[in-house]
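Student: I have a fresh model open on my screen and would love a guided tour. Could we go through it together, one question at a time?

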Amino acid sequence: MHETCKNGYAVPQRPLDSYDVRILDALQRDGSIGNNDLSKIVHLSASQCSRRRAALEKSGIIARYRASLNAEALGLKLHAIVRLNMQNHDNASDEALSKWLGAQPEIQSAFSISGDADYILTERVEDLETFSLFIHERLLRQPQITQVRSEFVLKVLKDSEALQIKATV
């Protein structure tokens, strides 16, 4: 979706002006905002906001809308970061692990990374016992995994999916 980097920012294939940036910033804060309220923030008419929003959705810049849930309020009090090392680095092993991870509801995110681990996962579960069962009864039974290292989040300093956006025109 992005062509090249300019001053450290990806340049989208669809140019963004200052109105688009304000719309995207507002939607990152509250994806459920209606076009009437959005128009007050952006200083455009509701119909112009609607057209621009639809164009941003169609271009793929707005990928989806969703609710942000409070994990602790749902009883998911343990937040773990898990580092994995693989035995083999062939396509079949990578695809099998990717498919397996995608089917695990506890896993919030999974990344192939550089450094001393091959993958890093974030996981939310009820408690240490649930986490231990996941590691010992499910994760370590995956044949391609040779090492698992875990850390637990003690304090959240920042947790945001908001992207910094600059106008490109």
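Student: Which strands does helix 4 lie across, and at about what angle does helix 4 run to strand 3?

Tutor: Happy to help, and keep in mind that this is a predicted model. Helix 4 covers residues 91-102 and lies across strand 3, strand 4, strand 5 and strand 6. Its direction relative to strand 3 is about 165°.

Student: In what order do the 4 strands of that open sheet come?

Tutor: Strands of a sheet pair through backbone hydrogen bonds, either parallel or antiparallel. Here the pairing is antiparallel, and the 4 strands form an open sheet in the order 4-5-3-6.

Student: Which strands stand at the edges, and what is the average twist from one strand to the next?

Tutor: Strand 4 and strand 6 (145-152) each have a single partner strand, so one side of each is left without a neighbour in the sheet. These are the edge strands, strand 4 and strand 6. From one strand to the next, the twist averages 20°.

Student: How many bridges join strand 5 to strand 3, and how many join strand 4 to strand 5?

Tutor: Strand 3 (residues 78-86) runs antiparallel to strand 5, and among the bridge pairs are arginine 83 with isoleucine 120 and alanine 80 with glutamate 123. Strand 4 (residues 107-112) is also antiparallel to strand 5, with alanine 110 bridging to leucine 121. The counts are 7 bridges between strand 3 and strand 5, and between strand 4 and strand 5, 5.

Student: Which residue of strand 6 stands opposite methionine 86?

Tutor: Strand 3 and strand 6 run antiparallel and are joined by 7 bridges. Across from methionine 86, in strand 6, is isoleucine 145.

Student: How many residues of strand 5 are buried?

Tutor: In a regular strand the side chains alternate between the two faces of the sheet. On one side of strand 5, Tyr119, Leu121, Glu123 and Val125 are buried, and on the other Ile120, Thr122 and Arg124 are buried too. For strand 5 (residues 119-125), the tally is 7 of 7.

Student: Is serine 112 buried or exposed?

Tutor: Serine 112 belongs to strand 4 and stands opposite tyrosine 119 in strand 5. Leaving out residues up to four places away in sequence, serine 112 touches Asp118 and Tyr119. The relative accessible area of serine 112 is 61%, and exposed means over 50%, so serine 112 counts as exposed.

Student: Which residue takes a positive phi in the hairpin of strand 4 and strand 5?

Tutor: This hairpin has 6 residues between the strands. One of its residues has a positive phi near 110°, and that residue is glycine 115.

Student: Is glutamate 106 buried or exposed, and which side chain does a polar contact join to glutamate 106?

Tutor: Glutamate 106 is in the loop between helix 4 and strand 4. Its contacts beyond four places in sequence include Thr122, Glu123, Arg124 and Phe134. With a relative accessible area of 15%, against a cut-off of under 20%, glutamate 106 is therefore buried. The side chain joined to glutamate 106, by a polar contact of 2.7 Å, is that of arginine 138.

Student: Let's turn to the helices. How far apart are the end C-alpha atoms of helix 1, and why does that agree with its 12 residues?

Tutor: Helix 1 covers residues 18-29, and at 1.5 Å a residue its 12 residues should span 16 Å. The expected span takes one less than the number of residues, which is why the figure comes out at 16 Å. The end C-alpha atoms agree with this, being apart by 17 Å.

Student: Which residue caps the N-terminal end of helix 1?

Tutor: Look for a side-chain oxygen that lies 3.0 Å from the backbone nitrogen of tyrosine 19. That oxygen belongs to the capping residue, aspartate 17.

Student: What covers the buried residues of helix 1?

Tutor: The buried residues of helix 1 are Asp20, Val21, Ile23, Leu24, Ala26 and Leu27. What covers them includes helix 2 (35-42) and helix 3 (46-58).

Student: At what angle do helix 2 and helix 3 pack?

Tutor: In this pair, Asn35, Asn36, Leu38, Ser39 and Val42 of helix 2 meet Ala46, Cys49, Ser50 and Arg53 of helix 3. The axes are 8 Å apart, and the packing angle is about 100°. That makes the two helices, helix 2 and helix 3, roughly perpendicular.

Notes. Residues numbered from 1 in each chain as written. Predicted model: local features only at pLDDT ≥ 70, side-chain atom pairs only at ≥ 80, totals over all residues. Heavy atoms only, no water. Buried < 20%, exposed > 50% of the residue type's maximum accessible area, 1.4 Å probe, protein only. Pairing = 2+ DSSP bridges. Contact = heavy atoms within 4.5 Å. Polar contact = N/O pair within 3.5 Å; in protein donor to acceptor, adjacent residues only side chain to side chain. Axes fitted to C-alpha atoms, helices over the stretch in contact; angles between N-to-C directions. Parallel < 35°, antiparallel > 145°, perpendicular 65-115°, else oblique.
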